[in-house]
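Here's a quick walk through one protein chain, going from its core outwards to a few single residues. Have the viewer open while you read.

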Amino acid sequence: MGAFEAIVETMMQVDVFQLFFPWLLVLAVTYGALDKYDWFEEDTINAAVAMAVAFIAIGGLYLFVPAGLFPHFAAAIAFGAFGIIGLMVLLAIAGVDLNELDKESSVAKLALGGGILAFTAILLIYIELPVSFADLLQGESFDEVLMPVLTMIFLLAIVAIITKSGEGSDDG
């Protein structure tokens with residue numbers, strides 16, 4: 001067993017992924033927002049408010065959210081980020097100028113759609129429905145029906161992004 005594996009297993013046993021990292025994330029985002037928008041004049045007040053919001057948020061997360069929801073959501077976001085980075089590498093190889101992309105571009109809209117899709121999928125897994133969402137993602141129906149459709153949508157999106165970016169530039 002490697003040292004990194006032992007560290008991660010120890011962190012899992014003491015609920016670092018369930019409590020501390022979400023707390024730290026809420027604290028950092030809240031403090032950053034308070035500091036950027038200058039709601040309070042003093043940094044100590046920003047820090048105190050950010051600490052209070054972080055503890056209240058994680059208390060609510062611990063008491064009311066099903067166990068594992070936040071780590072699964074974070075994992076979906078991480079896999080989505082890896083997918084977006086891979087898409088950007090593919091676009092760069094195809095010749096798309098990534099410096100010209102902005103928040104109105106189709107890549108940004110694709111990233112937002114992927115995030116919303118990941119969030120919705122995780123919520124559907126944890127909410128009790130008459131038809132289990134997890135059952136739909138297993139077996140032959142997923143492999144034979146849903147996966148080819150998702151692959152086709154992904155390929156069409158890449159083709160649309162590449163052709164759309166090629167229309168705006170005139171070389172001659």
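## Core first

The largest nonpolar core has six residues, and they are Trp23, Leu27, Ala50, Ala54, Ile58 and Leu61. Two elements, α2 and α3, give two or more residues to this core. Helix α3 supplies the largest share, four residues. Zoom in on Ala54: leaving aside neighbours within four places in sequence, Ala54 is in contact with Trp23, Val26 and Leu27. Apart from this core lies another one, of five residues, with Leu87, Val96, Ile158 and Ile161 among them.

Keep in mind that this is a predicted model.

## How the two helices meet

In general, a pair of packed helices is described by the angle between the axes and the distance between them. So what are those values for α2 and α3? Helix α2 covers residues 16-37, and α3 covers residues 43-64. Their axes come within 8 Å and cross at roughly 145 degrees. As for handedness, the crossing of α2 and α3 is right-handed. The residues of this contact divide into 18 nonpolar, three polar and two charged.

## Three residues up close

Now for some single residues, starting with Thr30, which sits in helix α2. Is Thr30 buried or exposed? Thr30 counts as buried because its relative accessibility is 16%, and the cut-off for buried is under 20%. Setting aside residues up to four places away in sequence, Thr30 touches Ala50 and Val53. Ala50 is also one of the six residues of the largest nonpolar core.

Over in helix α3 there's Asn46. Asn46 has a relative accessible area of 1%, so this residue is buried. Which residues does Asn46 touch, not counting those up to four places away in sequence? The list is Tyr31, Leu34, Asp35 and Phe40. Take Leu34 from that list: Asn46 and Leu34 are twelve residues apart along the chain, and their C-alpha atoms are separated by 6.0 Å.

Further along, His72 belongs to helix α4, which runs over residues 69-94. With a relative accessible area of 44%, His72 is partly exposed. Not counting residues up to four places away in sequence, His72 touches Ile122 and Tyr126. His72 and Ile122 are 50 residues apart along the chain, yet the separation of their C-alpha atoms is 7.1 Å.

Here are the accessibility values side by side:

| Residue | Relative accessible area | State |
|---|---|---|
| Thr30 | 16% | Thr30: buried |
| Asn46 | 1% | Asn46: buried |
| His72 | 44% | His72: partly exposed |

## Zooming out

How many helices and strands does the protein chain have? There are seven helices and zero strands. Read from the N terminus on, the elements go α-α-α-α-α-α-α.

Of the 172 residues in the protein chain, 13% count as buried. The chain exposes about 12700 Å², and carbon and sulfur atoms supply 71% of that area. On the contact side, take the contacts in the protein chain with a separation of 6 or more: residues 24 or more positions apart account for 56% of them. The touch between His72 and Ile122 is one to look at here, with the two positions 50 residues apart along the chain.

How values were computed. Residues are numbered from 1 along each chain as its sequence is written. This is a predicted model: local features need pLDDT of at least 70, side-chain atom pairs count only at pLDDT 80 or more; totals for chains, interfaces and linings use all residues. Side-chain values use heavy atoms; hydrogens and water are left out. Buried means under 20% relative accessible area, exposed over 50%, partly exposed in between (1.4 Å probe, protein chains only). Contact means heavy atoms within 4.5 Å. Axes are lines fitted to C-alpha atoms, for helices over the stretch in contact, and angles run from 0 to 180 degrees between N-to-C directions. A crossing is left-handed if the near helix is turned anticlockwise from the far one by less than a right angle, and right-handed if clockwise. Ala, Val, Leu, Ile, Met, Phe, Trp, Tyr, Cys and Pro count as nonpolar, Asp, Glu, Lys and Arg as charged, and the others, Gly among them, as polar. A nonpolar core is a set of buried Ala, Val, Leu, Ile, Met, Phe, Trp, Tyr and Cys residues joined through side-chain atoms within 4.5 Å. Accessible areas come from the Shrake-Rupley method with a 1.4 Å probe; for residues, only the protein chains shown count as cover.
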